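Below are my notes for a colleague who is beginning to read structures of this kind. Please keep the sequence and the model open while going through the points one by one.

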2 protein chains.
Amino acid sequence: MVDVARRAGVSHQTVSRALNSPEAVLPDTRRRVERAMREMGYRRNSHARALKTSRTGMIGVVSQGNTDFGPTRMTLAIEKAARERGYATALSIIHDARPDTVESTLEFFLSHGIDGIVVITPVPALAEAAKQLAAKTPVVIVTSGLWPADNLSVAGIDQELGARRATEHLIRLGHRSIAHISGPMDWFDAKGRVVGWRQALAVADLKAPPMVQARGWNAENGYTAAAELIAGRNLPDAVFAANDFIALGLIRALEERGIRVPEDISVVGFDDVEASGYFSPPLTTVRQPFEDAGLAALELLLDDSEHLTSVPNFIAPQLIARGSTAPS
Amino acid sequence: MVDVARRAGVSHQTVSRALNSPEAVLPDTRRRVERAMREMGYRRNSHARALKTSRTGMIGVVSQGNTDFGPTRMTLAIEKAARERGYATALSIIHDARPDTVESTLEFFLSHGIDGIVVITPVPALAEAAKQLAAKTPVVIVTSGLWPADNLSVAGIDQELGARRATEHLIRLGHRSIAHISGPMDWFDAKGRVVGWRQALAVADLKAPPMVQARGWNAENGYTAAAELIAGRNLPDAVFAANDFIALGLIRALEERGIRVPEDISVVGFDDVEASGYFSPPLTTVRQPFEDAGLAALELLLDDSEHLTSVPNFIAPQLIARGSTAPS
DNA sequence: GACTTGAGTACGAATATAACC
DNA sequence: AGGTTATATTCGTACTCAAGT
C-alpha cells in the first residue's frame, strides 16, 4: 500500500481511504490511486485487514458424514449463498462424532478466525458442541428438531411436514396400511419423518403398522430392513421409506419376492436424489429445498438483528409424484 | 499474548517461543506459560500470525458444477486429506464457466491469502485460468487429460484406464459390438473415456460402433441418448456408458422397448455412485479412487520438492462387476 | 560458551488526530 | 470553516539481536 501511495504520489492513508470510502477522496486523486493499484497489481492483504478489523469475510461450515446426501447438498447450498453475499466458505467435515474430534474441529475454525459458523448437525452430538461454541462466535445450526437458544439460531427443512405430505399422498391414493422404514434414529431427520408419518396417519384415523428401522441411509440398509418388513404377518399396502436409497433397497427386495411396485405395494422415498426419476419404477419422493434452507441459514448468521428469532426457520419440502405410487 | 505473558510473569517473547519452539524454553517456564494460556482461554490470532509468516494453514479448493458426482466427491476427498495434514479448506464452487466469474473467484481466494489452490477442472475453461494463477501461488490441477506445466502440478484419476477396463470386461464376456454413450465432450473425463474405449477395442481388433453423445451426465441425458442409439440399424451387444446415471437412463429406455439387460444387452457404467449396486439390474461399473487422488493432489500442493514432477499423477480406477453385464 | 530470556521492531492495513489549502 | 491529505499509532504475532545466567 505504501508502494502504491508512492507511485500515485500520495500517502498510504489516502490509498486506504480511496479503497474504503472512495467518496471521501477527490475523484482526481482516486483515479490516480486506482491506476497505480492496477499498474502494480496491488492486492489488499486480508490478514492485515483482518488483524485490524477483526472481520475476515469468511464463514465456516461444519458438517458431518461426508457422503450423505442431505449434509452434502446443504453444504453446497450454503457455500453458494455465502459467495453471493461476498463471503468465502471454509469447510470442515467431521467423520466421527467423538467429542474430542468435534471440539478440535470447532477449535480449528475458531483459531482460523472466522466471522461465524454454520453447523450442519444431523445428530445430537454435534449440536451440543455447537451450543458451547455459540458463546464465542455467531453460530447457526442447520438441522431439524432443535430449537433456538441463546446466541443460537436454527434453520432447516421441515422434516415432519415432508413426511406428512408423503403419507398424505398415500392416504389420498386410498391406502390404509401404510408402513414406514425409518432411518437411523439418532438422526433428527429420521425422528422428524417418523413423527410426520404418525401425525398424518392419526389425522386420517389410521393405525400405524409396526415401524422398521434401517441402520443406515443406504440402499443396502433398505434392503435389509425390507426383509424384516416382509417377514411380518401382514404386508402393508404402501411404504413410506425414510429416504430414496432405502426405498430403492426396499423395491429391490420386493421385486426379488415377486411383489410388484406400485401394483402390489406403493413406495414413497425422501430426498429426490439424482436419477430417482429413472429408477424402476420412477420414484415418488419428497424434494428438499436445500438452497432455500442454506440461504435462510446464512441470513440468520449474517443479520445480527435476526439473531433473536426464537422460532426455527423451517422450510417446506415438496412432494414429487412419480410411478412408484398408485391407487389401491 | 501480552496478557498471557504478564500472567505467567514472563515477556511476550517467551510466550511466543513456548508456542513455536517449545524445546527452546525451560520446562518450568513453559509449564507456567501453558497454564496461563489455559486459564485465560488464550487462542492464537491467526491473522496476526499470517500477517507475519504469510502462511495461513488454509488451502483453497475451486471446483465446478455443484452437483456432479466427480467434482463433489473429489472436493470432499481433498478436504479430508487437507485436514489430516492440519490444513483448513476454503471452498469455492463455480456455477458458470464465464471467464470473469472464474477470474473473480480465483482473485477472491488470492486476496484471502491462502497457501495454495487445488483446482478441480473437468473442463478446459477453468484449466486456462488456473495456469495464469500458477504464477502467483502454488496450484495443483485435478483433472484428466492435462499435463503439468511450469509451477503447475497435475493429479487425477486415469479415465482412459478405467474406460479400458470397462470395455475389456465386456470383451472378455464375448461381446463384439460394444457401443459407447459418451458424456458431454467438453469434459476431459468424457474424452478420456472415449479414448480408453477405442483403445480397448483396437487392441482386441474390434470395430468401434458409431458413438452417441449424451448432453449431460444425468439419467435424463442417458435416456435421450439411448433413443438415438436404438434408432440405429444394428443394436450393439453391449454398451459402455460414460457414467452410472447415463447407464441408468439407458437401461430404462431399453426396458421400455422390451430389451432386457443383461440378457439382450450388457451395460457398464462409470463412477459407482451410491446405490448403483441396487439398480435393477445392479450395475457393473468402474469405481474411482477419489480419496487417493485427493491425497495425491494435496501432496503435490504441499511438498514443494515434488512440484517439479513432469508426469501427471493419475490413479487407477477399479472395475466393479455386477449384474448388468453377462456373457454373450 | 552454551542456554535461556527480554527488548524492540516489522508485517500491512485502518483510524484518530493533526496539518494543510 | 470546510474539505483533503498527511502523520502517528494500533492490531497480535514472529523474529533479530542483545543481555542475562
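**Notes on the cavities, the pocket, the chain contact and the DNA**

1. In chain B, H5, strand S5 (152-157) and helix H9 (188-203) each supply at least two residues of the lining of the largest cavity. H5(B) gives the most to this lining, with four residues. Please bear in mind throughout that this is a predicted model.

2. The space inside the largest cavity comes to about 300 Å³, and 26 residues line this cavity, of which Gly70(B), Pro71(B), Trp187(B), Asp189(B) and Arg193(B) are the closest to its centre. By class, the lining of the largest cavity divides into eleven nonpolar, ten polar and five charged residues. The structure holds six cavities of 30 Å³ or more. As general background, empty space left among the atoms is shown by rolling a probe the size of a water molecule over them.

3. The largest pocket should be looked at separately, and its volume is about 940 Å³. Among the 42 residues that line the largest pocket, Phe69(A), Arg73(A), Val273(A), Glu274(A) and Phe245(B) are the closest to its centre. Two or more residues of the lining come from each of these elements: helix H5 (69-84) and helix H12 (290-302) of chain A, and helix H5 (69-84) and helix H10 (219-231) of chain B. The lining of the largest pocket contains 18 nonpolar, twelve polar and twelve charged residues.

4. How many residues does the contact take from chain B and from chain A? The contact takes 53 residues from chain B and 53 residues from chain A. The area buried between the two chains is about 4700 Å², and carbon and sulfur atoms give 61% of that area. On the side of chain B, Arg43(B), His47(B) and Tyr278(B) supply 16% of the area that this chain buries against chain A, which is more than any other three residues supply.

5. Turning to the DNA, there are 25 residues around DNA strand D, and those that come nearest are Thr29(A), Met1(B), Gln13(B), Tyr42(B) and Arg49(B). Sugar and phosphate account for 56% of the atoms of DNA strand D that come within 4 Å of the protein. H4(B) gives the most to the surface near this strand, with five residues, and by class that surface has eight nonpolar, eleven polar and six charged residues.

6. Several phosphate oxygens of DNA strand D deserve a careful look. One lies 2.7 Å from a backbone N or O atom of Ser11(A), while a side-chain N or O atom of Thr14(A) is 3.1 Å from a phosphate oxygen of the strand. From chain B, a polar side-chain atom of Asn20(B) lies 3.0 Å from a phosphate oxygen of DNA strand D.

7. Which residues come nearest to DNA strand C? Of the 25 residues around it, they are Gln13(A), Tyr42(A), Arg49(A), Thr14(B) and Thr29(B). Of the atoms of DNA strand C within 4 Å of the protein, 57% belong to sugar or phosphate, and the rest belong to bases. For the surface near this strand, H4(A) gives the most, with five residues.

8. The contacts of DNA strand C include both phosphate and base. A phosphate oxygen is 2.5 Å from an N or O atom in the side chain of Thr14(B), and a backbone N or O atom of Met1(A) lies 3.0 Å from a phosphate oxygen of the strand. A polar side-chain atom of Arg17(B), in turn, lies 3.3 Å from a base nitrogen of DNA strand C.

Key:
Residues are numbered from 1 along each chain as its sequence is written. Chains are lettered from A and ligands numbered from 1 in the order in which they are written. This is a predicted model: local features need pLDDT of at least 70, side-chain atom pairs count only at pLDDT 80 or more; totals for chains, interfaces and linings use all residues. Side-chain values use heavy atoms; hydrogens and water are left out. A residue is near a molecule or strand if one of its heavy atoms lies within 4 Å of it. A polar contact is a pair of N or O atoms within 3.5 Å; within protein, one must be able to donate a hydrogen and the other to accept it, and residues adjacent in sequence count only if both atoms are side-chain atoms. Ala, Val, Leu, Ile, Met, Phe, Trp, Tyr, Cys and Pro count as nonpolar, Asp, Glu, Lys and Arg as charged, and the others, Gly among them, as polar. On a 1 Å grid over the protein atoms alone, a cavity is a set of points where a 1.4 Å probe fits but cannot get out, and a pocket is an open set with protein on both sides within 12 Å along at least five of seven lines; lining residues have an atom within 4 Å of a point. Grid points are joined across faces, edges and corners, and a volume is the space filled by probe spheres set on the points. Contact means heavy atoms within 4.5 Å. Buried area is the accessible area (1.4 Å probe) that two parts lose on being put together, summed over both.
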